[in-house]
Amino acid sequence: MAELKYISGFGNECASEDPRCPGALPEGQNNPQVCPYNLYAEQLSGSAFTCPRSTNKRSWLYRILPSVSHKPFESIDQGHVTHNWDEVDPDPNQLRWKPFEIPKTSQKKVDFVSGLHTLCGAGDIKSNNGLAIHIFLCNTSMGNRCFYNSDGDFLIVPQKGKLLIYTEFGKMLVQPNEICVIQRGMRFSIDVFEETRGYILEVYGVHFELPDLGPIGANGLANPRDFLIPVAWYEDRQVPGGYTVINKYQGKLFAAKQDVSPFNVVAWHGNYTPYKYNLENFMVINSVGFDHADPSIFTVLTAKSVRPGVAVADFVIFPPRWGVADKTFRPPYYHRNCMSEFMGLIKGHYEAKQGGFLPGGGSLHSSMTPHGPDADCFEKASKAKLAPERIADGTMAFMFESSLSMAVTKWGLKTSNCLDENYYKCWEPLKSHFTPNSRNPAGPN
Ligand SMILES: [Fe+2]
């Protein structure tokens, strides 16, 4: 596969032409009477027309046929996709899942769409407020099938196996330790090369933004220039009656047939595009004195709610870094949080739990559900000599954190058969160290 090209810059106003058709973008206007190369002009709006400039998103696509050239949509099997947050009774417990099992290619062919499994979520699709967390488990390329989501944006975190993603804007290769965002309405099709697994954070009705940096200043965390956007690429491929467009609309799946590949955009311009990001490029900020900064310093992208500082969902990572804090219990602190925290692991092992939380698995600590290091981690970190040390080398854990109180699906609690019934036991060995008659029996503080 020839190396793919990208444009860089988060949220930029970009323009791209397939080099086979130079000059395919109209000059000086969006919608000429006749477009260059006799293409059709089509606008894809990702925000209300009237949004302020800072949040206004749209792109113009110049394509061989407009997207409307398809047979009617019909309802199809939902598989394990759901937005029913009342399938099972609420469960406030700390939940942890073993690695979700990928179907074996020899047993059943499953592509990205048929391999979508909704794990948890909250909110309401029709009012554009909420989120869902899905696990994708697949072993087969989508072939003559593409997908688009009318409900929200997908932030895709591949964990095992790379994804070659065909989009209307061009092609992206997304490998584990990279992420991509495919925004609402964008058609895409995914090729996979092995038994493949990953996580998806779906947000309804809002888009991901870079977090504000406040006193950090103009640079740091995920820098805008490291976000990569595909370049225009088209195929003029006839598939008489045989191309299937799958749509998630109001939480349900629909399919329509058409005669051509949807990846027939010869040129495009705009600021509403898919993009990818390599997590290795994250510039980590942390305490260099004592104590912890809150994990919000690890936010890569945020999907804001209308309440200032409160996210529908944040995407947060725990990258390799130095730990140097003096006189400090260095692992994550024990806490209870009004937010819901779903964690996943791309590779390696997580610093607060050496076993049980494995790549391809996950955990959910719901609103106000206590959690923190396991007993073993507490004992070791309380006695550790506090020299500068590397933390999380060779690993990448992440968190989807939401202000909504998420419900777990029936698939998550039962059908997946991956729930770890013994998770709570990792805290059972925690014992009291209370010494009422001695303020400072052992430590240097
Ligand atoms: Fe937490």
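This is a short talk on the fold, the two domains and a few individual residues of one protein chain.

Good morning, everyone. What I am showing is a predicted model, so please take every value I quote as computed from that model.

Let me begin with the chain as a whole. How many helices and strands are there in the chain? There are two helices and 28 strands. The radius of gyration is 23 Å, which is close to the 22 Å that the globule rule gives for 445 residues, so the chain is as compact as a globular protein of that length. If you turn the C-alpha trace along its principal axes, it spans about 85 × 50 × 40 Å. Of the 445 residues, 40% are buried, and when we take the contacts with a separation of 6 or more, 78% of them are between residues 24 or more positions apart.

Now to the domains. The chain is divided into domain 1, residues 9-279, and domain 2, residues 282-420, and the C-alpha centres of the two domains lie 27 Å apart. Each side brings a good number of residues to the contact, with 49 from domain 1 and 49 from domain 2. On the side of domain 1 that touches domain 2, the elements giving two or more residues are β6 (95-97), β7 (116-124), β8 (129-138), β10 (152-160) and β15 (196-204). Which of these gives the largest share? That is β7, with seven residues. By character, the residues on this side of domain 1 divide into 27 nonpolar, 13 polar and nine charged.

For the first part of the chain there is also a record to mention. UniProt, in an unreviewed entry, places the feature "domain: Homogentisate 1,2-dioxygenase N-terminal" at residues 5-279. Over those residues the model is 0% helix and 44% strand, and the C-alpha atoms at the two ends are 19 Å apart.

Within that stretch I would like to follow a few strand pairings, beginning with β17, which covers residues 238-249. On one hand, β17 runs parallel to β9, residues 145-149, and five bridges join the two strands; one of the partnerships here puts Asn-149 with Lys-248 of β17. On the other hand, β17 pairs with β18, residues 252-260, in the antiparallel sense over eight bridges, and in that pairing Val-245 stands opposite Ala-256 of β18. The hairpin formed by β17 and β18 has two residues between the strands, and Gln-250, which lies in that loop, has a positive phi near 50° although it is a residue other than glycine. Is Gln-250 buried or exposed? Gln-250 is exposed, because 11 other C-beta atoms lie within 10 Å, and the limit for calling a residue exposed is 12 or fewer.

A second pairing involves β14, residues 188-192, where four of the five residues are buried, so that this strand is largely enclosed by the rest of the structure. Strand β11, residues 163-167, runs antiparallel to β14 and is joined to it by five bridges, with Leu-163 standing opposite Val-192 of β14.

Finally, let us move to domain 2, residues 282-420. An unreviewed UniProt entry places the feature "binding site" at His-335, Glu-341 and His-371. They span 37 residues in sequence, yet no two of their C-alpha atoms are more than 11.5 Å apart, so they gather at one spot. His-335 is found in the loop between β23 (321-323) and β24 (340-347), and it counts as exposed, with 12 C-beta neighbours inside 10 Å. His-371, by contrast, is buried, with 22 other C-beta atoms within 10 Å, and its place is in the loop between β25 and α1. What does His-371 touch, once residues up to four places away in sequence are left out? The residues are Gln-94 and His-365.

The loop between β25 (362-365) and α1 (375-383) also holds Met-368, which is not a glycine and yet has a positive phi of about 70°. Met-368 counts as exposed, with 12 C-beta neighbours inside 10 Å.

That is where I will stop, and I am happy to take questions.

Notes: Residues are numbered from 1 along each chain as its sequence is written. This is a predicted model: local features need pLDDT of at least 70, side-chain atom pairs count only at pLDDT 80 or more; totals for chains, interfaces and linings use all residues. Two strands pair if DSSP finds at least two bridges between them. UniProt positions are given in the numbering used here, feature names are shortened, and annotations may be inferred rather than shown by experiment. The radius of gyration is taken over C-alpha atoms; the globule rule is 2.2 Å times the number of residues to the power 0.38. A residue is buried if 20 or more other C-beta atoms lie within 10 Å of its own, exposed if 12 or fewer, and partly exposed in between; C-beta atoms are placed from the backbone. Two residues are in contact if their C-beta atoms, placed from the backbone, lie within 7 Å. Domain bounds come from an automatic or database domain assignment. Ala, Val, Leu, Ile, Met, Phe, Trp, Tyr, Cys and Pro count as nonpolar, Asp, Glu, Lys and Arg as charged, and the others, Gly among them, as polar.
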